[in-house]
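Work through the exercises below with the structure open. Try each task before reading its solution.

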Amino acid sequence: MLAKPISLALNEVRKAVFQIVLFNSVIDTLVVFMLLLMGCLLLTLPAWYALVPALAYAIIHTYGNLKDVNFSKIEEKFPSLNEQLITVADNWKEQNEIVDALNQEVLLKMKEIRTSSFLNFGRLTREIVVMAVVAFIVIGSAAFNVKFLDFQQTIKELQAFKPFQQYDINKDLLQLEESQNLSDILGEKSVTELGQQQLNLQINPIMSDVDIGKVKAPEDRSFRDVPPPQIKATTDVSFEENIPKQYQRIVKTYFKEITKS
Amino acid sequence: MKVEDAKKTFDFVFSELNKVIVGQSEVLKEVSVALLADSHALLEGYPGLAKTLAIKTLAQLMDLKFSRIQNTPDLMPSDITGTYIIEETSAGKRNFKFQPGPVFANVVLADEINRATPKTQSALLEAMQEHQVTVGNTTYKLEEPFFVLATQNPIEQEGTYPLPEAQSDRFLLKIKVDYPTFDEEIEIVNRFTEEYKKAQLKPILNKDSLLYLQHMAKMIPIANDIKRYAVQLVTSTRQNKKLIEFGASPRASIGLILASKARALIEGRKYVSKDDINKMAFPVMRHRIVLSFEAERQGMHEDDVIKTLLK
């Protein structure tokens, strides 16, 4: 009566293989999580952003792996059990001398099954190396504050960006400018388009040559009313050439008057 | 008896057969499969390939009642099943007495079965399927085990009547007998052209041991995956309309599993392997499929189509 021992042995093998597959899935998930975490740190994203896709990966990957766990997979690793294990697994409830003999034979051969055979040591080593490298990168980037892109700031900037029509423009001023030529007063149109947006200017203390701590208050300086004698005003030849004749006298008088002052 | 003992027995049977038959090891194994599966086999091959000799020799190795029917176009059904004859008693009274035909044996060799007319061929139908014969109003049970091992020449030859599908379906296996290899033929020539001491064969299997071996063959377990594979193979003959006009019946599925179990026992295995299914697919299915015009146009034979299905 070998039905019970074979059933127990089959369950034990299945359980062991399940554990190994689960372990492999955990390692795979850890690698994925570490890579995602590194990405989040370099892009200045919150660390928990890495957790959600890692969890999703863990569920899908583990489910897929566990679904594939069957006796055929075990037989692939142990050719001496080829087609015998699945036969025993499907027929262990049968009771006849041939099934009993097969159960006995398979029970003996099952002793050869080593759970370590289901561990892919090459892959495991590669995954551990990847995890170590990624861990160093994560620690280094956190210590030296290395960032490829301030993702949050970029998002804020993108949110703050409005198309031209949405800017708060003083329409009265625009109308005034359109009706009268007030460009001398308002300056260039492109400057007015800034509207009432506040400009945030930040000076990077590392990049700037200015030492804020050494800046003194501006000194009072007195200037003379009469310019020094070295400064003279003379009429330019071009004026005489380009100015129409009827205006030349007026212009000359104008400049003479200026130099007198 | 253990599976290992069954293997030893068959190894001994084959070694004894090889004293008479040169080569044809696969043919002999397939005939043994039919015996173990409690079914019938049809051997097809050109004349002179030792089909009849193989069956006669196998029958000699079994301590069973053997009979031979030499089929000819004028053979009548009653020549096979038996008939009523008038018997006169000592008192002078005349009675009808049933005279059993050659079908009342354990191993029936139906030689050149396709030379008999369809009517005569059909006389074997009931015997093969039901293991009984009805003559007049009386049904007679046949003794177990009961095997019909038939031989036939390829149906394309003159003066032959192809077996109807219903009849060929009763044969578990259609075994193709091929020409021997060059070396085998040299050995055949040596044996039959020189002074050769005729092999003395002794019965190895008796009725009880054969029945027990049949029982053992049925006990061989099979994995569900392999069972599904076998049934899928048979059902695929009904789905491949491009190459097969009529596919194999569920009887082919039963036969394929039984034959695979018997093959596993002969090879001393306690389980059925995929290789058994692949090997037995040819003799089990080749007479159960009707090729389409497209397959025939491409010059394909039944075995080529089965090979395609196995891929």
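**Exercise 1. Sequence separation of contacts**

Task: For chain B, find what share of the contacts with a separation of 6 or more comes from residues 24 or more positions apart.

Solution. Take the contacts in chain B with a separation of 6 or more. Then pick out the pairs 24 or more positions apart; they account for 77%. Keep in mind that this is a predicted model.

**Exercise 2. Confidence**

Task: State how confidence is spread over chain B, and where it is lowest and highest.

Solution. Start with the average: chain B has a mean pLDDT of 87. Next, the share of residues that score at least 70 is 99%. Now go by element. Helix H6 (residues 165–168) of chain B is lowest, at a mean of 82. Helix H10 (residues 250–266) of chain B is highest, at 93. For the model, ipTM is 0.77 and pTM is 0.70.

**Exercise 3. Overall form of chain B**

Task: Decide whether the radius of gyration of chain B agrees or disagrees with that of a compact globule.

Solution. Chain B has 311 residues, for which a compact globule would have a radius of gyration near 19 Å. The value for chain B is 20 Å, so the two agree. Add the extents: the C-alpha trace spans about 70 × 45 × 40 Å along its principal axes. Then count elements: chain B holds 13 helices and 13 strands. Finally, 39% of the 311 residues are buried.

**Exercise 4. Two domains**

Task: Describe how domain 1 of chain B touches domain 2 of chain B.

Solution. First set the bounds. The domain assignment puts 1–179 + 205–219 in domain 1 and 220–311 in domain 2. The centres of the two domains, over C-alpha atoms, are 23 Å apart. In the contact, 23 residues of domain 1 meet 19 residues of domain 2. Now look at the domain 1 side. Helix H1 (3–17), helix H2 (25–36), strand S10 (173–176) and helix H8 (207–219) of chain B each give two or more residues to this side. By class, this side has 14 nonpolar, two polar and seven charged residues.

**Exercise 5. Strands S1, S9 and S10**

Task: Which strands pair with strand S1 (residues 41–44) of chain B, and in what sense?

Solution. One partner is S10(B), in the parallel sense over four bridges. Another is strand S9 (residues 147–152) of chain B, also parallel and over four bridges. Go residue by residue. B:Ala41 stands opposite B:Leu173 in S10(B), and B:Leu149 is its bridge partner in S9(B). B:Leu43 has B:Ile175 as its bridge partner in S10(B).

Next, check the faces of S1(B). B:Ala41 and B:Leu43 lie on one side, B:Leu42 and B:Glu44 on the other, and all are buried. S10(B) is covered on both faces too: B:Leu173 and B:Ile175 are buried on one side, B:Lys174 and B:Lys176 on the other.

**Exercise 6. Two residues of helix H3**

Task: Say whether B:Lys51 is buried or exposed, and do likewise for B:Ala59.

Solution. Place B:Lys51 first: it is in helix H3 (residues 51–60) of chain B. Within 10 Å there are 26 other C-beta atoms, and the cut-off is 20 or more, so B:Lys51 is buried. Beyond four places in sequence, the contacts of B:Lys51 are B:Leu43, B:Gly45, B:Thr151 and B:Val177. B:Gln152 is 101 residues away in sequence, yet its C-alpha is 8.8 Å from that of B:Lys51.

B:Ala59 is also found in helix H3 of chain B. With 23 other C-beta atoms within 10 Å, B:Ala59 is buried. Its contacts beyond four places in sequence are B:Leu64, B:Phe66 and B:Val107. B:Val108 is 49 residues along the chain from B:Ala59, and their C-alpha atoms are separated by 9.2 Å.

**Exercise 7. The contact between chains**

Task: Describe the chain A side of the contact with chain B.

Solution. Count first: chain A gives 14 residues and chain B gives 15. On the chain A side, helix H4 (84–91) and helix H5 (97–109) of chain A each give two or more residues. By class, this side has five nonpolar, five polar and four charged residues. Now look at H4(A): seven of its eight residues are buried. Among them are A:Gln84, A:Leu85 and A:Asn91.

Notes
Residues numbered from 1 in each chain as written. Chains lettered and ligands numbered in written order. Predicted model: local features only at pLDDT ≥ 70, side-chain atom pairs only at ≥ 80, totals over all residues. Buried ≥ 20, exposed ≤ 12 C-beta atoms within 10 Å, placed from the backbone. Contact = placed C-beta atoms within 7 Å. Rg over C-alpha atoms; globule rule 2.2 N^0.38 Å. Domains from an automatic or database assignment. Nonpolar A, V, L, I, M, F, W, Y, C, P; charged D, E, K, R; others polar. Pairing = 2+ DSSP bridges. pLDDT = per-residue confidence, 0-100.
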